[in-house]
Every structure is written in structure tokens, then in C-alpha cells.
Amino acid sequence: PEVITVAELAKRMGEKGADLVKELFNLDMMVTVNQTIDQDTAELLVEQFGHNIQKVSDADVDIDTSEESDPEETLKPRAPVVAVMGHVDHGKTSLLDALRKTSVTKGEAGGITQHIGAYQVTTKDKSRVTFLDTPGHAAFTQMRARGANVTDIVVLVVAADDGIMPQTVEAINHAKAAGVPLIVAINKIDKPEANAQKVRERLLEHEVIVEEMSGDVLDVEVSAKTGAGLDDLVEKIALQAELLELKARPDRDAEATVVEAQLDKGRGPVATVLVKRGTLKRGDTFVVGSQSGKVRALIDDQGKQVKEAGPSMPVEVLGLGGVPNAGDLLTVVENEARAREVAAYRQERDTEKRTALAPTSFDTMFNKSN
Ligand code: GTP
Ligand code: MG
């Protein structure tokens with residue numbers, strides 16, 4: 001607060017109001033206990049009485065998210081998180097679909113991906129890859145920007161009949177900004193008008209130099225329709241992932257990133273999260289953004305209930321107090337009281353920020369974390 005009554009200040013200091021008034025009189029200020037003084041005066045008084053000024057800071061209440069790293073010996077290999085990006089209709093969802101051999105595209109309204117879907121695929125050699133499907137519509141640029149944040153590898157889908165388009169370039173730039181390696185999937189090679197070589201050449205203009213052009217960016221010709229090249233794509237993802245030596249500690253309280261969240265009519269607030277480290281379990285209490293909650297159920301990408309989710313695993317979380325924002329970090333805390341305290345503190349802080357500051361852009365948010 002900018003101003004405080006003398007009485008209130010006295011109460012907080014554990015001093016008598018009259019003593020404060022006397023001290024103020026000595027400082028040439030004529031006030032009564034019920035009058036207000038400004039912050040500078042209050043601080044001066046506090047010092048005069050030999051007290052310490054305590055400001056409530058994030059460190060007092062909030063969770064320390066300074067990302068202390070886990071000891072090397074606790075780390076275990078984890079699946080790579082792969083964001084599938086590219087221009088609208090270049091075949092991102094179809095490609096993922098073919099990899100999962102299910103039918104996501106058919107269920108989508110108008111065939112345009114509305115959310116970031118998160119799926120895990122098990123490869124032939126039994127290793128797992130987590131895929132994030134990102135929307136290709138221009139209005140979802142910000143969501144895509146976020147997509148790269150939790151991402152280890154970006155698969156850039158370029159339709160061989162359409163070539164490099166504005167959102168192809170955007171995806172390239174996002175991957176570069178996030179320092180994430182790219183794998184180029186040249187899709188729709190089954191089409192007669194497909195020209196994969198032209199795609200490779202045009203990528204040079206954006207400083208993406210694929211192997212065939214004597215660069216080091218991996219590229220694969222694929223067809224989501226016929227299934228051609230899909231094994232090759234998975235193999236290259238595995239190869240790229242191996243180079244990254246991805247690890248996380250599974251045996252600790254979980255930290256997870258929200259990839260999408262919404263209010264579900266029947267189930268209440270639901271968030272799809274991607275576990276960064278630790279293991280998220282049913283019954284865990286947590287804070288996510290300025291919401292608190294307790295895991296009532298965890299649902300995997302097949303729609304099945306699971307008891308827990310380890311690093312790189314995408315799951316739906318039920319049991320949230322409200323809908324968090326995509327990009328928010330979910331942190332497991334010791335008990336519900338603590339979860340509520342942190343959530344309340346963050347809510348208050350958010351309200352203050354909203355009135356004081358212009359909203360920060362997604363891109364700022366995105367570059368700070370990870
Ligand atoms: P957004 O989510 O809207 O950005 O689109 P998307 O990139 O996910 O594309 P989607 O998978 O919805 O495919 C768009 C259209 O291209 C659909 O009609 C697909 O059937 C078609 N398509 C995708 N992959 C191929 C392919 O390899 N060959 C052919 N011939 N058609 C394809
Ligand atoms: Mg799609």
C-alpha cells in the first residue's frame with residue numbers, strides 16, 4: 001500500500017500509536033493516529049524505531065522456480081518432445097495421424113487443428129517419441145510460438161506441391177529463436193506436382209541447409225497418404241534425439257508445462273500438461289499458474305486413466321481449481337494449504353500487474369523459461 005494509517009503501522013510494528021505520533025511530531029509532522037502517512041514517512045518511522053522493513057516478496061511466499069538442477073546421478077533418459085510445425089494444410093495432423101495410425105484429422109472441425117494435441121508414439125525399437133501437433137492457422141501464431149518452448153526437436157512439414165509458405169518461415173524462425181534443431185519433412189511426395197528438390201533449394205534462402213545441399217539439417221521425403229518415408233522420419237528423429245542426450249529426474253515431485261487448457265462441460269477445468277521432470281501422480285497437490293488443485297485423474301493420449309506420468313509424458317489433468325494458461329508451469333507442492341497460499345498470492349500479484357503493466361507478449365514469456 002502507498003499509504004497507511006499511523007494506527008495500522010503501529011499495530012504492525014508492535015508499538016504504541018501515541019509513540020509514533022510523538023516521533024512524527026519530532027519530525028515536524030502533525031498527525032493523529034487515524035491519519036494516513038505516505039510510504040517514505042512510514043519507512044522512516046520503522047527505521048527510527050529500529051525495526052527492519054519487510055517487504056513481501058515472491059521469495060517469501062511463492063515457489064522457488066529458479067530451476068535448481070537435479071544431480072547428474074538421478075537423471076534418466078527421457079523421450080524427445082517433437083513439435084510438428086508448418087504451413088496450414090501442409091499435412092501436420094495427417095503425418096502424426098499416420099504415425100499413430102489413428103484418425104485425428106477426421107474428427108477435427110473443418111480439418112483445421114484447433115488445439116495443440118500431444119501424443120506419444122512408440123517406435124519399432126520400443127523407444128518413445130512425444131509429438132505436439134501445432135495449429136497451422138495464422139491466428140494461432142502465438143500458440144505455435146509457445147509450442148517450441150517445451151520442444152526438443154521441430155519437425156518442419158513442407159508440402160512438396162506448395163513449397164515454402166509464410167508459416168513455414170515463421171516455424172523456421174521460432175525454432176532458430178529457441179535454439180531447437182530442425183528436421184525437414186517434405187510431405188505429399190505422392191502428388192504428381194510434388195517437387196522436393198525445389199523445397200530444398202528454397203530452404204537455402206532461409207539458411208536451412210539440408211544434407212543433400214551439403215548442410216547438416218536432416219530431411220526426409222514423406223507421404224502421410226501412402227506412408228512412404230515415415231520409418232525414415234522416425235529414425236531421423238531418434239538419431240537427432242540421441243545427439244541431444246535428453247535426460248530428466250523421474251523420482252521427484254513433478255514439474256509440468258501446460259500445453260492446453262479448457263473448461264470441459266462435464267469434467268470441469270482440464271489441462272493437458274507435459275511433464276518436464278519428476279512423476280505426476282494421482283492425489284498430488286499442485287499449483288499451476290495462479291490456480292491450485294489436486295490431481296483427481298490423469299488421462300493419457302489414448303483416453304485411458306493412468307496412475308502417474310513421468311518425464312516427457314503428455315497427460316490430461318483433472319482436479320484443477322480453475323483454467324490455467326497454456327505455457328504455465330505446474331508444480332507439485334507438499335499440501336493443499338500450501339497450494340492455496342501460493343495460488344492466492346499469485347492471483348493477487350496478477351491483479352496488481354494487470355492494473356500496473358501492459359500484458360507481456362507470449363514471445364517474452366517464451367524466451368525466459370527453459
Ligand atoms: P492445419 O492443422 O490446418 O494447419 O493443417 P495440417 O498441416 O494439419 O494439414 P492436414 O493434416 O489437416 O492435411 C491437409 C490436407 O492435406 C488434407 O486434405 C490431407 O488429406 C492432405 N494431405 C496431408 N498429407 C498428405 C499427403 O502426404 N499426400 C496427399 N496427397 N495429401 C495429403
Ligand atoms: Mg492440423
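In which sense, parallel or antiparallel, do β4 and β7 pair, and over how many bridges? The legends below take up this pairing and then move to other parts of the predicted model.

**Figure 1. Overview of the predicted protein chain.** The protein chain holds 12 helices and 19 strands, where helices (H or I, at least four residues) and strands (E, at least two) are DSSP runs numbered from the N terminus. Of its 370 residues, 47% count as buried; buried means under 20% relative accessible area, exposed over 50%, and partly exposed in between, with a 1.4 Å probe and protein chains only. About 19200 Å² of the chain is exposed, and carbon and sulfur atoms supply 49% of that area, as computed by the Shrake-Rupley method with a 1.4 Å probe, where for residues only the protein chains shown count as cover. Among contacts (heavy atoms within 4.5 Å) with a separation of 6 or more, 70% are between residues 24 or more positions apart. Residues are numbered from 1 along each chain as its sequence is written, and chains are lettered from A and ligands numbered from 1 in the order in which they are written. In this predicted model, local features need pLDDT of at least 70, side-chain atom pairs count only at pLDDT 80 or more, and totals for chains, interfaces and linings use all residues, while side-chain values use heavy atoms, with hydrogens and water left out.

**Figure 2. Strand β7 and its pairing with β4 and β8.** β4 and β7 pair in the parallel sense over 5 bridges, two strands being taken to pair if DSSP finds at least two bridges between them; V84 has V155 of β7 as its bridge partner. β7 also pairs with β8, again in the parallel sense, over 6 bridges, and here V158 has I186 of β8 as its bridge partner. The chain crosses from β7 through α8 to β8 in a right-handed β-α-β crossover, meaning that, with the strands pointing away from the viewer, the path from the first strand over the helix to the second runs clockwise. Because 7 of the 7 residues of β7 are buried, this strand is largely enclosed by the rest of the structure. I153, V155, V157 and A159 point one way from β7, whereas V154, L156 and V158 point the other way, and all are buried.

**Figure 3. Strands β8 and β9 with helix α9.** β8 and strand β9 (residues 218–221) run parallel and are joined by 4 bridges, with L218 of β9 as the bridge partner of I183. Together, β8, α9 and β9 make a right-handed β-α-β unit.

**Figure 4. Two nonpolar cores of the chain.** The largest nonpolar core has 26 residues, and those with the most contacts inside it are L132, L156, L182, V184, L203 and V208. β4 (81–86), β7 (153–159), α8 (166–178), β8 (182–187) and α9 (196–204) each supply at least two residues of this core. Apart from it lies another core of 24 residues, among them V222, A224, V234 and A241. A nonpolar core is here a set of buried Ala, Val, Leu, Ile, Met, Phe, Trp, Tyr and Cys residues joined through side-chain atoms within 4.5 Å.

**Figure 5. Buried residues T331 and R277.** T331 lies in strand β19 (residues 329–333) and is buried, with a relative accessible area of 7%. Leaving aside its neighbours within four places in sequence, T331 is in contact with I63, A254, E255, T285, F286 and V287. R277, in strand β12 (residues 268–277), is likewise buried, with a relative accessible area of 8%. The C-alpha atoms of R277 and D253 are separated by 7.9 Å, although these residues are 24 residues apart along the chain.

**Figure 6. Loop residues D89 and E245, each with a positive phi.** D89, in the loop between β4 and α5 (92–100), has a phi near 65°, a positive value in a residue other than glycine, and counts as exposed at 56% relative accessibility. E245, in the loop between α10 (230–244) and β10 (247–248), has a phi near 45°, also positive in a residue other than glycine, and counts as exposed at 61% relative accessibility.

**Figure 7. Confidence along the model.** The mean pLDDT of the protein chain is 84, and 83% of its residues reach 70 or more, pLDDT being the predictor's confidence in each residue, from 0 to 100. Among the elements of the chain, helix α12 (residues 362–368) has the lowest mean pLDDT (37) and strand β13 (residues 280–281) the highest (98). Over residues 357–370 pLDDT stays under 50, and for this stretch the model has 17 contacts beyond four places in sequence. Where pLDDT is low, the predicted coordinates should not be read in detail.
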